[in-house]
Amino acid sequence: MLVLEGQERSGGGLQTDFSILPGGRHDHCATVLPLAAASPFFRAIGLTERLSWVHSPAALAHPFDDGSAVLLWQDLERTAGELGADRGRYRALFQPLLERGDALLATLLTPAPGAICFPGFSVPWSALFHFAREGTRSAARLCQQFQTEQARALLAGLAAHSTLPLERVPSAAFALVLALCAHLVGWPLLRGGTVQLTARLIDELAAWGGRLSSGCGVYRLTELPPARAVLLDLVPKNALALVGQRWPRRYRQQLARFRHGPGVFKIDWLLRGEIPWRATACALAATVHLGGTAEEIAAAERAVVNGRIPERPFVILVQPSQFDHSRAMPGVAVAWGYCHVPNGWQGDATEVIERQVERFAPGFRSRILARRAWSPLELEQKNPNLVGGDLAAGWPTLGQLLTRPSWWPWPPYRTPDPALFFCSASTPPGGGVHGLCGYWAARWVDRWLQRLDRVDRLKSM
Ligand SMILES: Cc1cc2nc3c(=O)[nH]c(=O)nc-3n(C[C@H](O)[C@H](O)[C@H](O)COP(=O)(O)OP(=O)(O)OC[C@H]3O[C@@H](n4cnc5c(N)ncnc54)[C@H](O)[C@@H]3O)c2cc1C
């Protein structure tokens, strides 16, 4: 098994370095890893136990202009207790999902109907029906069931991770999955940075006899050594450029129709001291959602999809060194924040992002020692899978969620060429750090190769 990585440093979205100023360690992309902590694949290979996890007391904080904040705790009752009149409704929404929560999450992270094809996979049907009823709607509809601003804003912020407008189906599913993860495993980080996961995965590869070659970008199929199966960790656009005419026209047309969602504009900060939150409870969570009310978040996300950068964007902010002291020198803190912007947007969102942080943490700007901003195109230059800054390797609309990158051939890891497969986040279950796109791709490849071997044996009889 040979892994070819284009960059000198391996890891893709799982890299950490000291690149702003010495004294603070920054994750380039992923930091908060609920899907990795819940990943059935990482658990099955014993990786989850070998990593050093850091949990902030609360998974998430969502502050408001009046200096209050709502917190998402791992404990369901404690979270429901934050929501006043919506306490019962929140409990009724999540209790049925959590009854067989691990099995439900494993099912949701499986290419439908892949769960049924592999023996030993147990589908928690009643939880799945509850999820389908509540999740296959828009976040706007989900929020309408709640009376309090706290509950509505909390769910809107979770749903906004999807990059879909909140009026669009199935944005509610993202809110449910992210809250489900919070209640099952929390939203943990890795001590020392996400690069720790890269290191463990490379060890795992070596333990299975595999080899990694970095600095080996592949831009033509002829550059590859002979292999029975090639797994492409590429978005369709880049796979098309690599494979070209070797795929039939109908399949190429399908891939060409694959859509990318909004991009992100990200800023890494090195700060003097921690962030001075007006709502002090924000210091209890590694992730903070800065968007104000549900209506405001919905308007911001709608503006992005309509090609505009909102005055008050929805900012996802992460403050890892607050909980993992190995990431920064004493007296110094690292944090990052991003907002969604139109795909490939070429402007500078530094001002609007920092203004939004300042709104909930007066004095934030005066603590900035250094910053590094990443525009969508800079992100794409660093990693060609981030097309136009799209961090999910394809917009998770209902159609593209289940059949990404194409509806034919099935399963979507296959391509019309029996030796070429997709394994990127453009396949189910999509973006996020969980290793499951590669896991499911590898299982189908294994099945496929066994089938070819059987045919060969029959032919030779
Ligand atoms: C700013 C940002 C923040 C994020 N935060 C989180 C988070 O907190 N939690 C979370 O779960 N997820 C987060 N994500 C998403 C997460 O990083 C991705 O979903 C995940 O990394 C996808 O993994 P992957 O292996 O499919 O692709 P990638 O991590 O993108 O890796 C693809 C690799 O393929 C290489 N490559 C591409 N083309 C070629 C080629 N032609 N030849 C050779 N090599 C090539 C690239 O260099 C790259 O190393 C974030 C993403 C971004 C951009």
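**Exercise 1. Find the handedness of the crossing of H6 and H11, and describe how the two helices pack.**

*Solution.* Start with the handedness: H6 and H11 cross in a left-handed way (left-handed if the near helix is turned anticlockwise from the far one by less than a right angle, right-handed if clockwise). Before going on, keep in mind that this is a predicted model, where local features need pLDDT of at least 70, side-chain atom pairs count only at pLDDT 80 or more, and totals for chains, interfaces and linings use all residues. Residues are numbered from 1 along each chain as its sequence is written. Helices (H or I, at least four residues) and strands (E, at least two) are DSSP runs, numbered from the N terminus.

Next, the geometry. H6 covers residues 101-108 and H11 covers residues 171-185; their axes are 11 Å apart and the packing angle is about 140°. Axes here are lines fitted to C-alpha atoms, for helices over the stretch in contact, and angles run from 0 to 180 degrees between N-to-C directions. The pair is therefore oblique (under 35 degrees is roughly parallel, over 145 roughly antiparallel, 65 to 115 roughly perpendicular, the rest oblique).

Now the residues. H6 brings Gly-101, Asp-102, Leu-105 and Leu-108, and H11 brings Val-177, Leu-180 and Leu-184 (contact: C-beta atoms, placed from the backbone, within 7 Å). By type, the H6–H11 contact has 5 nonpolar, 1 polar and 1 charged. In this scheme, Ala, Val, Leu, Ile, Met, Phe, Trp, Tyr, Cys and Pro are nonpolar, Asp, Glu, Lys and Arg are charged, and the others, Gly among them, are polar.

**Exercise 2. Do the job again for H5 and H11: work out how their axes cross.**

*Solution.* Take H5, residues 87-98: its axis and that of H11 come within 11 Å and cross at roughly 70°. That makes H5 roughly perpendicular to H11. The H5–H11 crossing is right-handed.

Then list who meets whom: Phe-94, Leu-97 and Leu-98 from H5 face Leu-176, Ala-179, Leu-180 and His-183 from H11. The tally for this H5–H11 contact is 6 nonpolar, 1 polar and no charged.

**Exercise 3. Track down the backbone oddities in the loop between H10 and H11, then look at the loops on either side of H18.**

*Solution.* Step one: the loop between helix H10 (149-159) and H11 holds Pro-170, and the Val-169 to Pro-170 peptide bond is cis, with omega near 0°. Thr-163 sits in the loop between H10 and H11 too; its phi is near 70°, a positive value in a residue other than glycine. Thr-163 counts as buried because it has 24 C-beta neighbours inside 10 Å (buried: 20 or more other C-beta atoms within 10 Å of its own; exposed: 12 or fewer; partly exposed: in between; C-beta atoms are placed from the backbone).

Step two: Ala-393 is in the loop between helix H17 (376-382) and H18. Its phi is near 55°, positive in a non-glycine residue, and with 27 C-beta neighbours inside 10 Å Ala-393 counts as buried.

Step three: Pro-411 is in the loop between helix H18 (398-402) and strand S15 (420-422). The bond joining Trp-410 and Pro-411 is cis, with omega about -5°.

**Exercise 4. Is Glu-296 buried, partly exposed or exposed?**

*Solution.* Locate Glu-296 first: helix H15, residues 294-305. Glu-296 has 17 C-beta neighbours inside 10 Å, so Glu-296 counts as partly exposed. Not counting residues up to four places away in sequence, Glu-296 touches Gly-291 and Arg-312.

Definitions and conventions
Contact = placed C-beta atoms within 7 Å.
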